[in-house]
Amino acid sequence: MTNGLLERGMPPEQPAPEMQAPVAEPTQDQAPDPKVQEHLDMFLANGINMIHDDKMDDTIKGIVDSEDPVTAISNMTLMIVSRLEGDMERRNIELPLEYVGAAADSLMGEIIQVAEMSGLEPLTDEEKYTAYSIAVSKYIDQAVKEGKITTEQLQRMAEQAKQTPEGQKIMEGSEGAFDAGQAAPGAAPAPGGAAPVALGSRGV
């Protein structure tokens with residue numbers, strides 16, 4: 001499996017923020033929860049299998065042939081994450097939000113690699129960040145509407161994203177998605193959630 005976009009850009013000595021931890025790494029003070037790690041591994045393995053399933057050939061071809069492959073990649077990532085979350089819910093398994101974000105990053109990296117091997121012109125780093133930003137914005141928008149993300153969680157995600165250049169890029173691309181998370185504690189999210197960022201709005 002390929003490293004995710006954020007994982008590739010993270011200096012090895014710098015702690016990964018909440019949304020960007022690709023694996024639950026043990027620390028001196030706290031070992032990873034084995035159950036969370038098991039669920040994350042299962043989530044990723046199922047996602048990789050889904051991407052490489054023959055049933056996805058037409059979706060990959062659609063990305064390669066698309067006039068807007070960045071958005072197509074974002075949409076495929078969201079589709080796979082949605083299916084994986086649905087499967088976890090049916091099994092009464094809840095994967096913490098931060099690991100869903102990390103898994104989505106890795107799965108998008110895999111989608112990009114498969115699409116490029118199938119003929120897609122290699123994406124620039126900016127295009128990859130834009131694809132992930134669109135996915136983050138749409139995911140947060142839907143999660144806020146469904147009550148899956150609280151204002152407190154958005155606040156924590158926004159603060160952690162600010163700590164790295166990679167996270168700041170995602171915030172810039174996900175215009176409006178973190179607005180509620182940067183508001184004063186206890187403030188309600190904006191009505192209707194955040195609008196997805198338009199491709200090219202940042203000149204990429």
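This note comments on a pocket, a loop residue and a helix pair in a predicted model.

1. The second largest pocket encloses about 290 Å³ of space. Its lining comprises 14 residues, and those nearest the centre of the pocket are Glu-85, Glu-94, Leu-95, Tyr-139 and Lys-148. Two or more lining residues come from each of α4 (69–90), α5 (97–117) and α6 (125–146). Among the elements, α4 contributes the most to this lining, namely three residues.

2. As to the chemical character of that lining, nine of its residues are nonpolar, one is polar and four are charged.

3. Asn-92 merits a separate remark on its backbone. Most residues other than glycine have a negative phi. Asn-92, which is not a glycine, nevertheless has a positive phi of about 60 degrees. This residue is placed in the loop between α4 and α5. Its relative accessibility is 75%, and because the exposed class begins over 50%, Asn-92 counts as exposed.

4. Two packed helices are described by the angle between their axes and the distance between the axes. For helix α3 (residues 57–65) and α5, the axes come within 9 Å and the crossing angle is roughly 75 degrees. Angles of 65 to 115 degrees count as roughly perpendicular, and α3 and α5 are therefore roughly perpendicular to each other.

5. Which residues make the contact between these two helices? On the α3 side they are Ile-60, Ile-63 and Val-64, and on the α5 side Ile-111, Val-114 and Ala-115. By class, the contact of α3 with α5 has six nonpolar residues, with no polar and no charged ones.

Notes:
Residues are numbered from 1 along each chain as its sequence is written. This is a predicted model: local features need pLDDT of at least 70, side-chain atom pairs count only at pLDDT 80 or more; totals for chains, interfaces and linings use all residues. Side-chain values use heavy atoms; hydrogens and water are left out. On a 1 Å grid over the protein atoms alone, a cavity is a set of points where a 1.4 Å probe fits but cannot get out, and a pocket is an open set with protein on both sides within 12 Å along at least five of seven lines; lining residues have an atom within 4 Å of a point. Grid points are joined across faces, edges and corners, and a volume is the space filled by probe spheres set on the points. Helices (H or I, at least four residues) and strands (E, at least two) are DSSP runs, numbered from the N terminus. Ala, Val, Leu, Ile, Met, Phe, Trp, Tyr, Cys and Pro count as nonpolar, Asp, Glu, Lys and Arg as charged, and the others, Gly among them, as polar. Buried means under 20% relative accessible area, exposed over 50%, partly exposed in between (1.4 Å probe, protein chains only). Axes are lines fitted to C-alpha atoms, for helices over the stretch in contact, and angles run from 0 to 180 degrees between N-to-C directions. Angles under 35 degrees count as roughly parallel, over 145 as roughly antiparallel, 65 to 115 as roughly perpendicular and the rest as oblique. Contact means heavy atoms within 4.5 Å.
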